[in-house]
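Take a look at the model below and keep it open while you read. We'll walk through it piece by piece.

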Amino acid sequence: MNSTVELIFTIIGGALTLLTLYGALKANRKFFLSGLCFFSILPIIGESMGYNADKASVHIIVILVFIAQFVLTFPNNIEFGQENTAASKLVGKISLAILVFNIGGIIYIFHLNSGVPARFGYFHIAFSLAIIYIIIKRITGKGPLWVK
């Protein structure tokens, strides 16, 4: 990846990470999901560039994971309360899936010699911490309606 693309990805990734962290801290579902969703586009683009360069199949796997994260976190205006037990249970499962995706991103960047700059791994750490924060709020019952 050339330095200009890397700089653009860093700026956009940093802004989307901050948006997600802000959404988690302020219990703003739309900001939280928007940051995660649109950040997912960056690894899709980056890994597509990597695949075009070396045709390694690991790039396809990473692309598929982040397509799944994009779909799961796409913000919508659907509101639900605790009385909707199916939606409440799905929130927990989707949260865990997104946490696993981002922990996988951390492992991929820091431990598998992926060639991805470490700063992108730190974005995944921030996302993971934001998701853990939301899960803890959900478990303790102190979170907003959308995390219960």
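Asparagine 113 is a good spot to land on: just after helix 5, this residue takes a positive phi of about 50°. Keep in mind as you look that this is a predicted model.

Now step back into helix 5 itself, which covers residues 85–111. Does its length add up, or not? With 27 residues at 1.5 Å a residue, helix 5 should span 39 Å, and because its end C-alpha atoms are 39 Å apart, the two values agree.

Next, see what helix 5 packs against. On one hand there's helix 6, residues 118–140. The axes of helix 5 and helix 6 come within 9 Å and cross at roughly 155°. Angles over 145 degrees count as roughly antiparallel, so helix 5 is roughly antiparallel to helix 6. The crossing of this pair is left-handed. As for what sits in the contact of helix 5 with helix 6, you'll find 16 nonpolar, 8 polar and 2 charged residues.

Helix 5 also meets helix 4, residues 58–73. Here the axes come within 10 Å, and the crossing angle is roughly 150°. Helix 4 and helix 5 are therefore roughly antiparallel to each other, and their crossing is left-handed.

Now swing over to the N-terminal end of the numbering, where helix 1 (3–25) packs with helix 2 (residues 29–39). The angle between helix 1 and helix 2 is about 155°, with the axes 7 Å apart. That makes helix 1 roughly antiparallel to helix 2, and helix 1 passes helix 2 in a left-handed crossing.

With those helices in mind, turn to the largest pocket. How much space lies in it? About 560 Å³. Its lining takes in 29 residues, and the ones nearest the centre of the pocket are Gly46, Glu47, Val62, Tyr108 and Val116.

Which helices supply at least two residues each to that lining? Helix 1, helix 3 (41–54), helix 4, helix 5 and helix 6 each do. Helix 3 gives the most, with 7 residues. Sorted by class, the lining of the largest pocket comes out at 18 nonpolar, 8 polar and 3 charged residues.

How values were computed
Residues are numbered from 1 along each chain as its sequence is written. This is a predicted model: local features need pLDDT of at least 70, side-chain atom pairs count only at pLDDT 80 or more; totals for chains, interfaces and linings use all residues. Side-chain values use heavy atoms; hydrogens and water are left out. Helices (H or I, at least four residues) and strands (E, at least two) are DSSP runs, numbered from the N terminus. The expected span of a helix is 1.5 Å times one less than its number of residues. On a 1 Å grid over the protein atoms alone, a cavity is a set of points where a 1.4 Å probe fits but cannot get out, and a pocket is an open set with protein on both sides within 12 Å along at least five of seven lines; lining residues have an atom within 4 Å of a point. Grid points are joined across faces, edges and corners, and a volume is the space filled by probe spheres set on the points. Ala, Val, Leu, Ile, Met, Phe, Trp, Tyr, Cys and Pro count as nonpolar, Asp, Glu, Lys and Arg as charged, and the others, Gly among them, as polar. Axes are lines fitted to C-alpha atoms, for helices over the stretch in contact, and angles run from 0 to 180 degrees between N-to-C directions. Angles under 35 degrees count as roughly parallel, over 145 as roughly antiparallel, 65 to 115 as roughly perpendicular and the rest as oblique. A crossing is left-handed if the near helix is turned anticlockwise from the far one by less than a right angle, and right-handed if clockwise.
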